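I opened this notebook to keep track of what I looked up, one entry at a time. Each entry takes up a helix, a pair of helices or a single residue.

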Amino acid sequence: MNVLLPLPIVLPLLTAAASLALTGRHAAQRVLSVTASAATLGASVALLLRVDAEGTLATQIGGWPAPFGITLVADRLSTILLVVAGLLALAVLVYALGQMTEQQERLSFHPVYLVLVAGICASFLTGDLFNL
C-alpha cells in the first residue's frame, strides 16, 4: 500500500485527537496545530512530486475491493488542489491564532479545525462520489 496517499488525511486526524487530549493547554494546542498543518502541507507537496514523477496513484484503504472499501486516488489536479488547500489552511490557521481571544480558543477550535483540514484533504483524494 502506498503510505503517502492517505497521509494528508491521517495526519490532521491524529493530531486532532492529540489536541483534544490537550484541552486547556492552549500553547501546546497551538504548536501542535501549526506543526500538523505544516506537516500536512509537506505531505501534500511530496505527493504532488511523486504523482508528477510516476503518474496517477491509487490505493484501497483496508485492502477491501472497490464497492466496499474506500478508494483514494491522486492525480495531478487533485494534488495541486491539495497543496493549495494545505497552503491556505496553514495561512488561515496562523492568521486565526493572531486574532483569537482566550474565550474563542476554549471552544475546541484546534481539534475542529484539524478535522476540517482532514475533510478537505479527503474530498480531494477520494476516488468515488459515494465517499465524497
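The entries below go from two long-form helix checks to the packing of helices and then to single residues.

**Entry 1, the model.** I note at the start that this is a predicted model.

**Entry 2, helix H2.** I looked up helix H2, residues 26-54, and compared its expected span with its ends: at 1.5 Å a residue its 29 residues should span 42 Å, and the end C-alpha atoms are 41 Å apart, which agrees. I then listed the buried residues of H2, among them His 26, Gln 29, Ser 33, Ala 36, Ser 37 and Thr 40, and the list goes on to include Leu 41, Ala 43, Ser 44, Leu 47 and Val 51. The cover over these buried residues includes H1, strand S1 (57-61), S2, H3, helix H4 (102-105) and H5. Just after H2, I found Gly 55 with a positive phi of about 100°.

**Entry 3, Asp 52.** Is Asp 52, a residue of helix H2, buried or partly exposed? I noted a relative accessible area of 47%, so Asp 52 is partly exposed. I also looked along the chain from there, and found that Asp 75 is 23 residues away in sequence, with 8.3 Å between the two C-alpha atoms.

**Entry 4, H2 with H5.** I turned to the pair formed by H2 and helix H5 (residues 109-125), whose axes come within 10 Å and cross at roughly 10°. Since angles under 35 degrees count as roughly parallel, H2 is therefore roughly parallel to H5. From H2 the contact involves Gln 29, Arg 30, Ser 33, Ala 36, Ser 37, Thr 40 and Leu 47, while H5 brings His 110, Pro 111, Tyr 113, Leu 114, Val 117, Cys 121 and Leu 125. By kind, I counted eight nonpolar, five polar and one charged among the residues of this contact.

**Entry 5, helix H3.** For helix H3 (residues 76-99) I made the span check again: 24 residues at 1.5 Å each should span 34 Å, and the end C-alpha atoms are 35 Å apart, which agrees. The buried residues of H3 include Ser 78, Thr 79, Leu 82, Val 83, Ala 85 and Gly 86. What covers the buried residues of H3 includes helix H1 (7-21), H2, strand S2 (70-74) and H5.

**Entry 6, H3 with H5.** How do the axes of H3 and H5 cross, and within what distance do they come? I found that they come within 9 Å and cross at roughly 165°, so the two helices are roughly antiparallel to each other, and H3 passes H5 in a right-handed crossing. Among the residues that meet are Leu 81, Leu 88 and Val 92 in H3 and Phe 109, Ile 120 and Phe 124 in H5. The contact of H3 with H5 holds 16 nonpolar residues, two polar and no charged.

**Entry 7, two residues of H1.** Pro 12 has its place in helix H1, and I noted that it is buried, with a relative accessible area of 1%. Leaving aside neighbours within four places in sequence, Pro 12 is in contact with Leu 7, Thr 40, Leu 114, Val 117 and Ala 118. Pro 12 and Ser 37 are 25 residues apart in sequence, yet their C-alpha atoms are 7.2 Å apart in space. Ser 19 also lies in helix H1 and counts as buried at 0% relative accessibility. Not counting residues up to four places away in sequence, I found Ser 19 touching Gln 29, Leu 32, His 110, Pro 111 and Leu 114.

How values were computed
Residues are numbered from 1 along each chain as its sequence is written. This is a predicted model: local features need pLDDT of at least 70, side-chain atom pairs count only at pLDDT 80 or more; totals for chains, interfaces and linings use all residues. Side-chain values use heavy atoms; hydrogens and water are left out. Axes are lines fitted to C-alpha atoms, for helices over the stretch in contact, and angles run from 0 to 180 degrees between N-to-C directions. Angles under 35 degrees count as roughly parallel, over 145 as roughly antiparallel, 65 to 115 as roughly perpendicular and the rest as oblique. Contact means heavy atoms within 4.5 Å. Ala, Val, Leu, Ile, Met, Phe, Trp, Tyr, Cys and Pro count as nonpolar, Asp, Glu, Lys and Arg as charged, and the others, Gly among them, as polar. The expected span of a helix is 1.5 Å times one less than its number of residues. Buried means under 20% relative accessible area, exposed over 50%, partly exposed in between (1.4 Å probe, protein chains only). A crossing is left-handed if the near helix is turned anticlockwise from the far one by less than a right angle, and right-handed if clockwise.
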